[in-house]
Amino acid sequence: MAKPGFERAERIQFGVDDCEFDTLAVRAGQWRTDEGEHNDAIFPTSSFVYSSAREAAARFGGDEAGNIYSRFTNPTVQAFERRMAALEGGERAVATSSGMGAILTLVLSLLKQGDHVVCSRSVFGSTVSLFEKYISRTGVETTFVSPTDLDAWKAAVRPETRMFFLETPSNPLAEVTDIRAVAELAHANDAVLAVDNCFCTPALQQPLKLGADVVVHSATKYLDGQGRCVGGVLVGSDKLMEEAFGFVRTGGTALSPFNAWVFHKGLETLRLRMDAHSRSAMEMASWLQQQPGIKKVHYAGLAEHPQHSLAASQQSAFGGVLAFEVEGGKEAAWRFIDGTEMVSITGNLGDAKTTITHPATTTHGRMSEEAKAEAGIVEGLIRLSVGLEAVGDIKADMVRGLAAL
Ligand SMILES: *Cc1c(COP(=O)(O)O)cnc(C)c1O
């Protein structure tokens, strides 16, 4: 018996193969059951039933395609995976329970004891902890290097290096790494390059097209876009994703169908949101630069940014996150933050709501003083994830913050 709606699903999927990004964001991965629902259905079920004992045996034995258990596959999760693969330009995607779950899955499925990773030191805080504290226990060593110093990347390579990992632009200082150059280095050393594309999303940057082998996402951020769910996803070749899928299925880093459905719907507005976030962040960055009391603004869209032209060569816009330094250190930064009224004081980003963060005492608070100094996380630094409110209102709130300096 054919899966309900399955042939139709294949046809809908097939119909968008040659379409552009905006169409894929709305249509790829779409499928319908025989009910003919227009909006994608959710399948909140832990397991699936079979029409006979013979069919059950065939599914378990892998002789027949179909769902078994939602830790392995689930139609809603697969719809999100298909859409993500289409948007990143990869052969296949594997969804995970969180962004960290995606990175854990990536490393445990592709690396083994004795392997070595070269990683940008300006990656998400939990990514550093994951490599240093937990992955190290599996006998995989990591060397952290400056994201912008290609010589440092080269110098860190060992015969056992099997993976390069980076995040660009970085959080919160918007340091930009040359994806093409690191991909070349990785491939010359028989290693894979994984890029955390959380800040740009495929709407602004497609690392696979620049030579990366795997794209990593925290779907929690812009893919959702409205701060509702935690999740993650990996995208890459069939070969690499088959390994990742094998780990998810056994290691249990699977995504819930409800969260998959939220992300799947979130992707339909991704381009529009990323364009609006980028436009407002650009305007805020230029404006903040001119305000008294602000020492420096970090945003790759500014012509003064040291890697502005590199960013422009690999991104179609500069995203919604910027950081700025106020004079007067931590006390002044806290006064600025407490002086605002509308924006949300939170560690999250990539939300329709503008969020404001003091990295040195929150997201980057667990770093040593030495590591903070090396990474440029100074006490007067404030991160702003520019939301979708009217930009004039965001400015007005920043004026309140400036007045409190
Ligand atoms: C949030 C974030 C992660 C971790 O994702 P979770 O969904 O919170 O597990 C990884 N990388 C970047 C760049 C992030 O911003």
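**Helix packing, a buried strand residue and the ligand site**

The elements that cover the buried residues of α6 include α5 (99-110), β2 (116-120), β3 (141-145) and β4 (161-167), where helices (H or I, at least four residues) and strands (E, at least two) are DSSP runs numbered from the N terminus. The model is a predicted one, in which local features need pLDDT of at least 70 and side-chain atom pairs count only at pLDDT 80 or more, whereas totals for chains, interfaces and linings use all residues. Residues are numbered from 1 along each chain as its sequence is written, and side-chain values use heavy atoms, with hydrogens and water left out.

Within α6 (residues 125-134), Thr127, Val128, Leu130 and Phe131 are buried, that is, under 20% relative accessible area, with exposed meaning over 50% and partly exposed in between (1.4 Å probe, protein chains only). Viewed down the axis of α6, these buried residues fall within an arc of 160 degrees, so they line one face of the helix; the arc is that of the directions from the helix axis to the C-beta atoms.

In helix α3 (residues 53-60), the buried residues are Glu55, Ala56, Ala58 and Arg59. They cover an arc of only 165 degrees around the axis, which puts them on the same side of α3, while Ala53, Arg54, Ala57 and Phe60 are exposed on the other side. Just after α3, glycine 62 adopts a positive phi of about 80 degrees.

Serine 385 belongs to strand β12 (residues 381-385) and is buried, with a relative accessible area of 0%. When its neighbours within four places in sequence are left aside, serine 385 is in contact (heavy atoms within 4.5 Å) with Tyr222, Gly320, Val321, Leu349, Gly350, Asp351, Lys353, Thr354 and Thr355.

Around the ligand, with a heavy atom within 4 Å of it, are Ser98, Gly99, Met100, Phe124, Glu167, Asp196, Cys198, Phe199, Ser218, Thr220, Lys221 and Gly231. A polar side-chain atom of aspartate 196 lies 2.7 Å from a nitrogen atom of the ligand, and an N or O atom in the side chain of serine 218 is 2.8 Å from a ligand oxygen atom; polar contacts of this kind are pairs of N or O atoms within 3.5 Å. The protein covers 91% of the 380 Å² of accessible area that the ligand has on its own, as computed by the Shrake-Rupley method with a 1.4 Å probe.

Methods
Polar contact = N/O pair within 3.5 Å; in protein donor to acceptor, adjacent residues only side chain to side chain.
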